[in-house]
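Here is a walk through a predicted model. Start with its covalent cross-link, then turn to a pair of packed helices.

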Amino acid sequence: MKIKSVLASTCLALWGVSACAQLQKGDLVAVCGDSITEQRLYSVMMETYLAACAPVEDVGLVQFGWSGERIWGLNARYNNVIAPFGATVATTSYGMNDGSYFRVNPGLLQNYSNHLVQVVGKMRDSGTRFIVLGSPSYIDTAAVGETNRLMGRGPDAATSVEYNLTLAALGDTARQAAGELGTGFADVHGTMSNAVLAARSKLGADYTFSTDGVHPFANGQIIMAYAYLKAFGCDGDIGIISVDWKPGTASTESRGHRVLGMAEGVVKIESTRYPFYLEAGEKSPREMSEFFPFNEDLNRYMLIVHGAPAKTRVTWGEDSSEFTAQELEAGINLAAEFPENPFKEPFLAVKKAVQSKQEFETIASKGAIETLPNWKKVLPEKDAELESIR
């Protein structure tokens, strides 16, 4: 059988029923973090997913990454830079700099916890309904060496292995704060460390996901996006297409998909909700997806065939694969079985638009908004114009 996808415009249709339980119609998500956030990789993946894969009506996302920032820096700038946007949902991704690249000690954990509490308070005071505290990411020991002392800070500095222990402790602090404060929690550190260990068991101990050990490539950032989307309660149900083989009929009750017909083994489907396209190549999201359950948890575009022959060849786009009747009866995940599929180009078009928007957000938040008080001091006679820019 063949599947033909007729794709609607990348100006996606949206529905009032959320596929991400913690998100509501009209939400604005503020993604806060340090230079890893300012890379605009995991934040772009998150926003593209929310726009193309799990659309919730009129939901927006703004990233506020700031290179070198610690949680106290977010605490200091939150009311001036982020609160005016009126975000109803917010995420934090801190800890990499908060540990100062030293071995773990009680003082830094307490300082981290204190500022998390204050940040959550400011978020709630500004109207943020749902907050996700993220644990730090993971030091790539294959990139910097297991015994390398990070950041050149002398004998008091942690080795890369020791600093992962510091980051894990900071993650535990964030998890505890989330429990006490009643926020969500994204286990970035644990998910990333497990995926990296699994990847190295197959691809070799020298498999890397970062150049400098700190800033992940896309193969690490897809794990970060996964952790936050899971914390949003995204269910991963992109769509289900059901086929009854003998009468030759197909149907769907999935939002964003419409079966246009089936004839001579060809099912034609119109879709405005896309599976997530995992880009391929070395150090890519697709390469890493084998080692953590992205497709299983967040990217299920299912084909179920009742009464199929013992073996059936399924073609979608340019690719074909053979499946047993039992496999088709249980359902196959088209997004996983056919990673190169007709959704690729429209999905990447959405992603490109998101990237362009987030690049502007960095310029705007770090330039026009953060430096506005200084400009007002220099040009007090332009106060009205500067306030308009803000």
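The link of C20 and C234 is right-handed, with 100 degrees about the S-S bond. The loop between β1 (2–7) and β2 (28–33) holds C20, and the loop between α8 (218–231) and β7 (237–244) holds C234, so the disulfide ties together parts that are 214 residues apart in sequence. The two sulfur atoms sit 2.0 Å apart. Both ends are covered: C20 is buried at a relative accessible area of 0%, and C234 is buried at 5%.

The structure holds 1 disulfide. Why does C53 not bond to C234? The sulfur of C53 lies 9.5 Å from that of C234, its closest cysteine sulfur, which is too far for a bond. C32 is also too far, because its closest cysteine sulfur, again in C234, is 18 Å away. C53 is buried, with a relative accessible area of 0%. C32 is buried too, at 0%.

Now move to the helices. The axes of α4 (residues 106–125) and α6 come within 10 Å and cross at roughly 40 degrees. That angle makes α4 oblique to α6. The crossing is right-handed. From α4, the contact takes in L108, L109, Y112, S113, L116, V117, V120 and R124; from α6, it takes in T166, A169, L170, T173, A174, A177 and L181. These residues divide into 11 nonpolar, 3 polar and 1 charged.

Look closer at T166. This residue belongs to α6, which spans residues 160–181. T166 is buried, with a relative accessible area of 0%. Leaving aside residues up to four places away in sequence, T166 touches G99, F102, R103, V104 and L108.

Terms used. Residues are numbered from 1 along each chain as its sequence is written. This is a predicted model: local features need pLDDT of at least 70, side-chain atom pairs count only at pLDDT 80 or more; totals for chains, interfaces and linings use all residues. Side-chain values use heavy atoms; hydrogens and water are left out. Helices (H or I, at least four residues) and strands (E, at least two) are DSSP runs, numbered from the N terminus. Buried means under 20% relative accessible area, exposed over 50%, partly exposed in between (1.4 Å probe, protein chains only). Contact means heavy atoms within 4.5 Å. Axes are lines fitted to C-alpha atoms, for helices over the stretch in contact, and angles run from 0 to 180 degrees between N-to-C directions. Angles under 35 degrees count as roughly parallel, over 145 as roughly antiparallel, 65 to 115 as roughly perpendicular and the rest as oblique. A crossing is left-handed if the near helix is turned anticlockwise from the far one by less than a right angle, and right-handed if clockwise. Ala, Val, Leu, Ile, Met, Phe, Trp, Tyr, Cys and Pro count as nonpolar, Asp, Glu, Lys and Arg as charged, and the others, Gly among them, as polar. A disulfide is a pair of cysteine sulfur atoms within 2.5 Å.
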